[in-house]
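This note sets out some points to follow while looking through the structure. Please keep the sequence and the 3D view side by side as you read.

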Amino acid sequence: MKVTLINPPWQFYSPSKLYPLGVSYLASHLIHCGFDSIDILDLNFEISDTQDVLKKSVEIVESRNANILGITCWTVHLLFCIEFVRVYKRKHPDVKIIMGGVHASSQPEEIMKLCPVDIVVRGEGEETIVSLLRAIEKNNDLNEVHGISYRKDKEIRHTPDRPLIKNLDEIPYPAYHLLEPIEKYQPLNRKYVFSLIASRGCPYKCIFCSANRLWKYQRRRNPKNILGEIKWLKDNYDVGFLRFEDDGLTNKRDWALEFFVSLKELSIHFDCLTRIDKVDSELLLAMRDAGCIGVYHGIESASPRLLKLLRKGFPKWVNIEYIKKTIAEEVSLGLVPTVSAMIGIPTETKKEIQLTFDLVCELKRLGAKTQLWLMTPYPDTEAVSLYKEELIMIDRWKELKQFDVFSTVPREAYSHLIKKYSYLVPDNWIFRNDINDFREMKMLYLSGASRILGELEFV
Ligand code: SF4
C-alpha cells in the first residue's frame, strides 16, 4: 500500500509557505504504526506558476504512483480539492482518495456530493487514519472505523465520532524529513523558522470560530515533551525561530509559566497567539524572557455588547482601558503585539463600528500591528444558525453551490470612517477605498473563518 499525503495549493494561485503540520503529524504517526510507504507532496512548492495548476497537480500526483491519496481540505483549499478529485477519480477510479482537515470535517456530506471522494476523515486524524488504512488493507467493513464518512450501496454513511486523543505526548514529532528540502519553507534572511503546536483546541465558544467545533476543549502537551521537540529541531535543523500555532498558548497560566521558564534555557525566539485576557505583567515578562518577540490577540470589537453577542468570553474587567494598557505594556517590553478586530457583526450599529475603528487606530498609535476584517463566519458556525436573518449568503461558485456568509452591514456604515482614517489605516484589512460593495472584495480570499483570514495579507 503506497500512501501519498497531499497539501493542496491555496485556491489555485496563492502558494502557502506554512508547514503542512496536519499531514506531517499523520505521516509520522503512520510510520510509527508500521506503515512504511508514506510520502508527503506539498503542491505549493511543486507548482511554480499560476497556469494549469490543476493539470500539473494531477500529473505530479500521478508520478508518485500511490494507491491511496490523503488530501488536506481547509476552506482555502476547497475549490482545488473538489476539482482535483473529480479529475483524478475520472482518470484513476481505483485509487482511493481520502480527505481530511477542518473544512472536510465540518462539511463531509456536502463535499461527498460535490466530488467523488471515497472517504472523509472527520476531526483529529492520527488514530482514524491508522484504523482506516488497516481496515482497507484487510478489506474490512469501514463501518468499524469511527470518525469517517464513506460510501456504501450508493449511500453516504457516517460512523460515530472518534474521541479526541487523550495524551498528545504520544504523537510522534511531525515527519519533517518528508518535507525536504526544508529550506523551501524558510523566509529570506531569517534563521530557520519552524511551526510548533503545544496544545490542541480552545475551551472558548466564540460563535464565529470553528476551533471549538473541531477540537471541543484544549489539551496541552507536557512542557518536557515540547522542549524535547525543540531540542530535536535544533539538533537536526538549526532552528532559530518558532511559531506557536496554538489557539491560546497562555490559556492555562501555571502551565504557561512553567513552560516559559524552561523554554528560556533554549535561547530561541518565538511568536504566539493568545487571548488578551490571558496575559498579565508577570506572564508577559516570563514570555519576553523566554524569547517571545511577537504576540497576536483577537480583540474582535470595542463594543461590550457585541463581545457578549459573539460569546468571546472576556471577563468584565476586559475593557478598552485594559486593552490599551496591555498593548502599551507589551510594546514597552519589546514585544510586537498584533491585534485583530472585525466589523460587520450582526446587529452592529454605526456607533459601534466607530468605536472599533477608534480602538484599532489607537492601538496602532501605541505600537501594535493592527488587522481589521469584515466578519465572515464559517458556514457551519453558530453565528450563521443564530443570525440567519442578519447575514447574506453569496453564491460564490454557482456550479459548486458553495456559499460565503457575510454580514449585511452596508458600506455606508463605514465608508466615512475609511475616509476619516485614511492617514492611519490598519496594516491589514479586507475592505478598501475603491470597492463599491462587498461583492467586489477579493472573493477568493473570503472563504473561511476569521482565524484563517487573519493569516493572509491583503494590502
Ligand atoms: S476565536 Fe479564539 S478564543 Fe474564540 S473560540 Fe476561536 S480560538 Fe477560541
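In what sense do strand β1 and β3 pair, and over how many bridges? The first numbered point gives the reply. Please bear in mind throughout that the model is predicted.

1. The pairing of β1 and β3. Strand β1, residues 3-7, pairs with β3 in the parallel sense, and the pairing extends over 4 bridges. To find the place in the 3D view, look for L5, whose bridge partner in β3 is G70.

2. The other neighbour of β3. Strand β3 is also joined to strand β4, residues 96-100, by 5 bridges, and these two strands run parallel. Here I71 stands opposite M99 in β4. Between the two strands the chain passes through helix α4, residues 78-91, and this β-α-β crossover from β3 to β4 is right-handed.

3. The cover over β3. Strand β3 comprises residues 68-72, and 5 of its 5 residues are buried. What lies on each face of β3? On one side are I68, G70 and T72, and on the other are L69 and I71; all of these are buried, so both faces of the strand are covered, given that buried means under 20% relative accessible area.

4. Strand β13 and its partners. A second strand to examine is β13, residues 292-300, which is mostly covered, with 8 of its 9 residues buried. Strand β12, residues 269-273, pairs with β13 in the parallel sense over 4 bridges, and the bridge partner of L273 in β13 is Y296. The path from β12 to β13 goes through helix α11, residues 281-290, and this β-α-β crossover is right-handed. Strand β13 is further joined to β14 by 6 bridges, and β13 and β14 run parallel. At this pairing G294 stands opposite V336 in β14.

5. The chain as a whole. The chain has 17 helices and 18 strands. Of its 459 residues, 58% count as buried. Among the contacts with a separation of 6 or more, 72% are between residues 24 or more positions apart. The chain exposes about 20,000 Å², of which carbon and sulfur atoms supply 51%.

6. The surroundings of the ligand. Which residues are around the ligand? They are C202, Y204, C206, F208, C209, N212, D247, R275 and K312. By type, this shell divides into 5 nonpolar, 1 polar and 3 charged residues.

7. D247 in more detail. D247, one of the residues around the ligand, has its place in the loop between β11 (239-244) and α10 (253-264). Is D247 buried or exposed? Its relative accessibility is 18%, so D247 counts as buried. D247 and E83 are 164 residues apart in sequence, and their C-alpha atoms are 31 Å apart in space.

8. A cis peptide bond. Most peptide bonds are trans. A cis peptide bond, however, joins E180 and P181, with omega at about -5 degrees. P181 lies in the loop between β7 (155-158) and β8 (192-196).

9. Two residues with positive phi. Most residues other than glycine have a negative phi. N139 has a positive phi, near 60 degrees, and lies in the loop between α7 (126-137) and β6 (148-152). N139 has a relative accessible area of 72% and is therefore exposed. T347 also has a positive phi, near 75 degrees; this residue is found in the loop between β14 (336-343) and α14 (350-366). With a relative accessibility of 37%, T347 counts as partly exposed.

10. The contacts of E62. E62 lies in helix α3, residues 53-63. Because its relative accessibility is 22%, E62 counts as partly exposed. Which residues does E62 touch, not counting residues up to four places away in sequence? They are Y88, K91 and H92. E62 and H92 are 30 residues apart in sequence, and the distance between them in space is 9.1 Å, C-alpha to C-alpha.

Conventions: Residues are numbered from 1 along each chain as its sequence is written. This is a predicted model: local features need pLDDT of at least 70, side-chain atom pairs count only at pLDDT 80 or more; totals for chains, interfaces and linings use all residues. Side-chain values use heavy atoms; hydrogens and water are left out. A residue is near a molecule or strand if one of its heavy atoms lies within 4 Å of it. Ala, Val, Leu, Ile, Met, Phe, Trp, Tyr, Cys and Pro count as nonpolar, Asp, Glu, Lys and Arg as charged, and the others, Gly among them, as polar. Buried means under 20% relative accessible area, exposed over 50%, partly exposed in between (1.4 Å probe, protein chains only). Two strands pair if DSSP finds at least two bridges between them. A crossover is right-handed if, with the strands pointing away from the viewer, the path from the first strand over the helix to the second runs clockwise. Contact means heavy atoms within 4.5 Å. Accessible areas come from the Shrake-Rupley method with a 1.4 Å probe; for residues, only the protein chains shown count as cover.
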